[in-house]
Amino acid sequence: MTEQLAAEQPAAERPDTERPVRVMVVDDHPMWRDAVSRDLAEAGLDVVATAGDGEEAVRRARACSPQVVVLDLNLPGLPGAEVCRQVVAHDPAVRVLVLSASGEHQDVLEAVKSGATGYLVKSAGREELLDAVRRTAVGDAVFTPGLAGLVLGEFRRLAAEPAPASAPAAPQLTARETEVLRLVAKGLSYRQIADRLVLSHRTVQNHVQNTLGKLQLHNRVELVRYAIERGLDEEL
């Protein structure tokens, strides 16, 4: 199992070949917020907004439609997990990368269940953060080493629970969609799946997007859980 989880939804374009990634930075510490914003802007990313509390973050995210929200969890007003939940509910295309001082398992799992795509602790270096934001924008879910395994393990635990008696039948996926979904469940990124199946990166993105639509799922986290619940990560 790799330390990567594939992303929630495919991006329309890779940011390094087209427009700069639109990023919003949310943190209640002005010096930290300004430093992160400056690092992102100097690296060529487009910092479209910043916020210092939860309610402000929700309002500004809805107003400026960032591609990636770099989000602290410890915020005044609304906590970070609730900010994440509201932002993603309003626009499922927005990806949230949590950047927190906490590496506690409970905080990580709560953030992911709220819709976060990835999770870094604040001890991450500048280059690690820049790489994480760019990868988050194009579809990879990025976690501080060790945390991706925690998330997958939690999905497997939930999958072991009895399914509701009224659960609807699963929609029919094509053989290729099922093959891509199986690799997603194993933790491979889009690029790794493309290399393994000898497909283009865009083709893999399209298969994932079609699968999300058929299954009526909103993001990559839900798709991974769906695949694990059906044991696809154990096949092949």
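**Close-up views of a predicted model**

**View 1. The largest nonpolar core and its best-connected members.** Of the 31 residues in the largest nonpolar core, those touching the most other members are M24, V26, V69, L71, V96 and Y119. A nonpolar core here is a set of buried Ala, Val, Leu, Ile, Met, Phe, Trp, Tyr and Cys residues joined through side-chain atoms within 4.5 Å; buried means under 20% relative accessible area, exposed over 50%, and partly exposed in between (1.4 Å probe, protein chains only). Leaving aside residues up to four places away in sequence, V69 touches M24, V26, V87, V94, R95, V96 and L97 (contact: heavy atoms within 4.5 Å). Another core, of 22 residues, lies apart from the largest one and has L173, L181, A185 and L212 among its members.

This is a predicted model, in which local features need pLDDT of at least 70 and side-chain atom pairs count only at pLDDT 80 or more, while totals for chains, interfaces and linings use all residues. Residues are numbered from 1 along each chain as its sequence is written, and side-chain values use heavy atoms, with hydrogens and water left out.

**View 2. A63 in helix α2.** Look for A63 in helix α2 (residues 54-64); helices are DSSP runs (H or I, at least four residues) numbered from the N terminus. A63 is exposed, with a relative accessible area of 69%. Its C-alpha atom is separated by 9.4 Å from that of A49, 14 residues apart along the chain.

**View 3. The contact between α9 and α10.** V208, T211, L212 and L215 of α9 meet R220, L223 and Y226 of α10.

Terms used
Helix = DSSP H or I, 4+ residues; strand = E, 2+ residues; numbered from the N terminus.
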